[in-house]
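User: I'd like to go through the charged pairs and one helix here. Please keep it brief.
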Amino acid sequence: MRWDLNAACRGEKTESFFLLHPLLEKAAKDLCSTCPVQAQCLDLAMQTEGGSSAEMRFGVFGGLNPEERAALEKARRPKAKAPA
């Protein structure tokens with residue numbers, strides 16, 4: 001089943017998701033917060049962007065902006081063990 005068919009943003013004007021102005025970003029995040037497939041959207045963005053810097057990411061996906069997704073990816077990376 002295609003999860004994107006259940007996205008709250010389906011059929012919406014998507015400018016607010018890509019033009020990162022504070023008011024538009026808030027509107028996009030507010031819509032994401034009501035979305036039944038928010039987790040799947042975020043997972044797809046993280047897989048697609050994997051390893052990209054915040055500057056190479058764009059838009060709001062899964063309720064997070066590019067900087068937030070880059071920080072999440074960094075936090076998820078395994079920590080390097082200190083030399084013994």
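**Salt bridges and helix α2**

Analyst: This is a predicted model. In it, E25 is buried, with a relative accessible area of 15%.

User: Which side chain does E25 meet in a salt bridge?
Analyst: E25 sits in helix α2, and its partner lies four residues apart in that helix. The two are therefore separated by about one helical turn. The N to O distance is 3.1 Å, and the partner is K29.

User: Which residues of helix α2 are buried, and where do they lie?
Analyst: Helix α2 covers residues 22-32. Seen down its axis, the buried residues fall within an arc of 65°, so they line one face of the helix. Their cover includes α1 (15-18) and α3 (38-49). The buried residues are E25, A28 and C32.

User: Is R57 buried or exposed?
Analyst: The cut-off for buried is under 20% relative accessible area. R57 has 5% relative accessibility, so R57 counts as buried.

User: Which residue pairs with R57, and how far apart are the closest N and O atoms?
Analyst: The partner, E49, is buried too, with a relative accessible area of 9%. E49 and R57 belong to a network of salt bridges that also links R69 and E73. R57 pairs with E49, and their closest N and O atoms are 2.8 Å apart.

User: What is the distance in the salt bridge between R2 and D4?
Analyst: D4 is partly exposed, at a relative accessible area of 28%. Its closest O atom and the closest N atom of R2 are apart by 2.6 Å.

User: How many salt bridges are there?
Analyst: A pair counts when a side-chain nitrogen of Lys or Arg is within 4 Å of a carboxyl oxygen of Asp or Glu. By this rule, the count is seven.

Notes: Residues numbered from 1 in each chain as written. Predicted model: local features only at pLDDT ≥ 70, side-chain atom pairs only at ≥ 80, totals over all residues. Heavy atoms only, no water. Buried < 20%, exposed > 50% of the residue type's maximum accessible area, 1.4 Å probe, protein only. Arc of directions from axis to C-beta. Contact = heavy atoms within 4.5 Å.
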